[in-house]
Amino acid sequence: MAEKQSAQAAKASAIKKDSKSFERRDNLVNIEKQVQEKWEKEKRYETDAPKDTSKPKFLVTFPFPYMNGKLHLGHAFSLTKAEFQARYQRFQGKEALFPFGFHCTGMPIMAAADKLRREIADYGCPPNLPVRVAKDGEEPPAYQWDILKKMGFTDPEEIKKFTDPVYWLHYFPPRAITDLKAFGVSCDFRRSFITTEVNKYFDSFVRWQFQRLKEADKVKFGERYSIFAPLENQMCADHDRLSGEGVKPKEYTIVKLKVVAPFVEVMKPFEGKNVYFGAATLRPETMYGQTNCWLAPEGEYGAFQINKDDILVLTERAALNLAYQGHSEVRGKINKLATFKGQDLFGTALESPLSINKVIYTLPMLTVSTKKTTGVVTSVPSDSPDDYAALNDLKTKPKLREKFGLKDEWVLGFDPVEIINIPEYGNCVAPVLCEKYKITSQNQAEPLELAKDEAYLKGFNFGTMLQGEFKGTPVKDAKPLIRDLLIKNGQAIPYAEPENVVISRSGETCVVALLDQWFLNYGEESWKKQVEAMINPDRFRYYSKATQKELADTLDWLHEWGCSRSYGLGTRLPWDESVVVESLSDSTIYMAFYTIAHLLQGGVLDGTQQGPANISPEQLTPDAWDHIFFGKSLPSESPVTEQQLAPLRNEFKYWYPVDMRVSGKDLIKNHLTFFLYNHSAIFPEEHWPKSIYCNGWVMVNGEKMSKSRGNFLTLSDVCELYSADATRIALADAGDTHDDANFVELTANSSILKLTTHLSWIKDTLATADQTLRNNADALADKVFESRINKLIQLTHESYDNMLYKNVILHAWYDLQSTLKTYVQSCADSNIGMSKPLVDLFIRVQTIIMAPITPHTSEYVWSTLLNQSGSVLDAEWPKAGAVDKILLDQQDYLEGSYHSFRAQYAKDKKKLKNAKPTRALIYVADRYNEWQIKTLEIMAKMYDANQDNLKDNNAVAKEISKVFTDKKQVGMAMSFAAWKIQQIPKGGRDSLNLVPLFNEMELLKGNMDALREVTGTENVEVYSAVDADTPDPAKKKVQALPGNPVVVYLVE
């Protein structure tokens, strides 16, 4: 790992030093610095609410990053979605605001500072740190000292300063602003701030928020399961985790299986005591059908005293969770009386509550994991395919019984018990499903998983109880009743554990604890309905169906969220000063604070200086906040007047609501849903958010970005390595929506060359314009060029509107450059100069429509090369002129035909023995044959129903198979359909037309000079492929299709 990081550092250092090799990059960086100085001097992004409040506005926000380190490429990727859109919306005539704050709330900074303090106290400064050894193949936790060194800190005295958590708050945010400015973001940094009680203005805002939430009965107090960090002795929320973000407590029922005589050898010390095996289950309603108890043969188990009377046999991991849930003599401490291997416990006799079988036995199951639940599994082979398969293995394989020393009476004679009836499956669903999925062994993991899911789903939704006092009751109704009965009778214990492994920032494994705490009552029915109304598609935009679905799913399962903690940085709860508001709960409506932060603290991040409003934090009473956000009248004793608050009120009224919230998709399950809940609780409907855009994670060169891989890139790294604009191109090109994106360093690197080449072309072209360019635009090449420019303006505009930046780069950058290249070649082929008006149009159009992506380069072209007054930021977005679609289709057809004819010649050269062809026969089809028409009709019907239908090959094949029965015809139709599908992204619905849009033969015959040039022969003949009299010496005319002419080269 260290070698990879050293290599990366060496690469950066080499790039920095080798000025000759990186002259192009350095020129771009110099341009960027000049442009940034110009913007800073002109205060370009300091945006206040205008006097004319009817002017349209756009407020876009991005989750403020956590300040325990430098901003990295992942931050950069997500924030560009907001940055590009803010710049684009300014070009649409709107006042656009993109503010940027810095999050410091929570445990990570405090934990890191404390960790560093302990390391220095234990090992000195600089510390002589002992080597940590990996356990279970996992990397040992890093020392905080080493983490800071890898960030670039080398001076021990400087590192020592980070033992003070407040130092982090003053160190990283200003440097983040420096990096963001170097990246060219269009943020109003006067509105930036840090969180926690260090910033008294923000602290007052959060206290007001929680007072209002409590008054609205949204904050409750009570006992609930929470992910818990034992070392910090407090709840470990998502932002406090090193890994396991989004993991929740999962609730089980531990059924107490009582050990009865005869005790196996290792259990004899516990004779006469209340000893139970603790079997965790999600299906307490199935306990009537128990036939045995499963253990992992090599699993490690312990006997734990969970109270003064009872001893429970389970894994130590489960015992620790129970100890934090009130099931130990001392909270958080386990009392382990003995340790066993699973195989030493086989044959233990058990009495299990509700079981039809009076006594059952412990047996081996090869797939039992001791890393989940208790490691003790009760067996119900009637309704669990896993249990049925494992029990059947033991019954039918004497050698397997012999291997584990099992007596026949422990296994044989225990058959599935009928406990639940499921229509169509009978009274024993597991054997039916094992037959259905051809399961013959407990080792068939995949089919067993399918069978298990089906058994549970059908049993829960359609099953009826056949046993016990709830006989005749639907399973879904009986399940909680049976669980309550078992717990009430002392035969079961409620239990929870993390649904996956969670590691806290201090490096320890978290448990689930039952805590008394303050929590936000998310999921409460009336509040939930409010949020559902907020995100109704009629008023709310998602940009992605995946975002819409995941938000809806989260609303379905999300319930109470612990909002307080005893350890960490933050704001104290107004009514309980012993705890602070946790990091995901003080970051839900802070977007409203952006609207006024510049007036309160004037760009001083920690709010230690008063801003232009000249109001102190102490003057911001709850009544003052109510006036700012709701317009409520102030009481007479208010320490601040309505006149003083008027500028703040005006700013909020103009900018709110949030027009777009941009975020990574991982925040849907917490922050974004909390954001919606809190806005619905605090603000009236006119101030509810309007849209959410979510993106996936960003990879680097197709690999997950991580320090261990050596591909971890900070924002300052990429700006230094590639320049800001080249990086921005690569990030725009990386991908959109929920799909994980891929930052390709080669794209960033090649963008340096493309940008500098483009700038050189503009300089050279403008310098020689009077000598080389025409003043008219009458040639066919001009008309095609202008039409293509107009078309690309349209496509770029649509792509920006839909947040599809990869398409923006495609149309505004790559396609426009390609269009220019084709135009240059067309003018050269026609022996005419380029049109000066069109060259000027091209430069201006590309400069403006690329400005949201490459603002520095665009500003340089506009102000320096085009010598325009003001800034490109003031330019008017180009309006697309008329697009001659037929002309463009014809030109695309000709260029595509020329390309295929050249490719065919390259392919035929060997057959022609490298001889120059003396004759070229071109076949053109003016109509499709019958089976092709049928295929097009199928595709058109699918396209008209839903354009995405044609992206599913299986769906296309299914529809084609309905019309064609012959396998050969189906194959031909699928090949033809695949060819047509490739045309749809460019041609749209017209690609499926049954009749060509223009006369192809006439067009080709009208371009004979070009055809002679392309084919390399003066003797070019164009024929109809459907004419019976057409000469066809190579038997190739049948291959011609509308839009796809075929050439045959002859040497005679």
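# Exercises on a predicted model

Strand 3 (residues 219–229) and strand 19 run antiparallel and are joined by 10 bridges. The structure is a predicted model, and the exercises below start from this pair of strands.

## Exercise 1: Strand 19 and its partners

Find how strand 19 is covered, and identify which residue of strand 19 is the bridge partner of Ile227.

Solution.

Step 1. Strand 19 spans residues 511–520, and eight of its 10 residues are buried. The strand is therefore mostly covered, since buried means under 20% relative accessible area.

Step 2. Look at the pairing with strand 3, which is antiparallel. Ile227 has Val512 of strand 19 as its bridge partner.

Step 3. Turn to strand 20 (residues 561–562). Two bridges join strand 20 to strand 19, and these strands also run antiparallel. Here Leu520 is paired with Trp561 of strand 20.

## Exercise 2: The surroundings of Leu584

Locate Leu584 in the chain, decide whether it is buried or exposed, and list its contacts beyond four places in sequence.

Solution.

Step 1. Leu584 sits in the loop that links strand 23 (576–581) to helix 18 (590–601).

Step 2. The relative accessible area of Leu584 is 0%. Buried means under 20%, so Leu584 is buried.

Step 3. With neighbours within four places in sequence left aside, the contacts of Leu584 are Asp238, His239, Trp561, Asn670, His671 and Phe674. Trp561 appeared in Exercise 1 as the bridge partner of Leu520.

Step 4. Compare sequence with space for Leu584 and Phe675. The two residues are 91 residues apart in sequence, while their C-alpha atoms are 9.4 Å apart.

## Exercise 3: Nonpolar cores

State how many residues the largest nonpolar core holds, and which of them touch the most other members.

Solution.

Step 1. The largest nonpolar core has 128 residues. Those that touch the most other members are Phe100, Phe102, Trp168, Leu180, Phe183, Phe743 and Ile853.

Step 2. Take Phe100 as a case. Leaving aside neighbours within four places in sequence, Phe100 is in contact with Phe62, Pro65, Leu79, Leu180, Cys187, Phe189, Ser192, Phe193 and Tyr594.

Step 3. Another core, of 75 residues, lies apart from the largest one; Tyr201, Phe205, Met591 and Ile682 are among its members.

## Exercise 4: Backbone details in loops

Find where the cis peptide bond from Ala261 to Pro262 lies, and decide whether Thr373 and Tyr543 are buried or partly exposed.

Solution.

Step 1. The bond from Ala261 to Pro262 is cis, with omega near 0°. Pro262 is in the loop between strand 6 (249–260) and strand 7 (274–281).

Step 2. A cis peptide bond also joins Cys125 and Pro126, with omega about 0°. Pro126 belongs to the loop between helix 4 (107–123) and helix 5 (144–150).

Step 3. Thr373 is not a glycine, yet its phi is positive, about 45°. Thr373 is found in the loop between strand 13 (360–364) and strand 14 (376–379). Its relative accessible area is 13%, so Thr373 counts as buried.

Step 4. Tyr543, also a residue other than glycine, has a positive phi near 70°. The loop that holds Tyr543 runs between helix 16 (525–534) and helix 17 (545–557). Tyr543 has a relative accessible area of 21% and is partly exposed, because buried requires a value under 20%.

## Exercise 5: Salt bridges

State how many salt bridges a search of the whole structure finds, then examine the pairs formed by Glu42, Glu651 and Asp1009.

Solution.

Step 1. The search finds 57 salt bridges.

Step 2. Glu42 and Lys38 form one, with the closest N and O atoms 3.0 Å apart. Both residues lie in helix 2 (residues 23–42), four residues apart, about one turn of the helix. Glu42 is partly exposed at 37%, and Lys38 is partly exposed at 22%.

Step 3. Glu651 pairs with Arg191, again with the closest N and O atoms 3.0 Å apart. Glu651 lies in helix 20 (residues 642–655) and Arg191 in the loop between helix 7 (165–183) and helix 8 (200–215), so the pair ties together parts 460 residues apart in sequence. Both residues are buried.

Step 4. Asp1009 forms a salt bridge with Arg1012, the closest N and O atoms being 3.2 Å apart. The two are three residues apart in helix 35 (residues 1008–1015), about one helical turn. Asp1009 is exposed at 62%, whereas Arg1012 is partly exposed at 26%.

Step 5. Finally, Glu46, Asp48, Asp188, Arg190, Arg191 and Glu651 are joined into one network by salt bridges that share partners.

Key:
Residues numbered from 1 in each chain as written. Predicted model: local features only at pLDDT ≥ 70, side-chain atom pairs only at ≥ 80, totals over all residues. Heavy atoms only, no water. Buried < 20%, exposed > 50% of the residue type's maximum accessible area, 1.4 Å probe, protein only. Contact = heavy atoms within 4.5 Å. Core = buried A, V, L, I, M, F, W, Y, C linked by side-chain atoms within 4.5 Å. Pairing = 2+ DSSP bridges. Salt bridge = Lys/Arg side-chain N within 4 Å of Asp/Glu carboxyl O.
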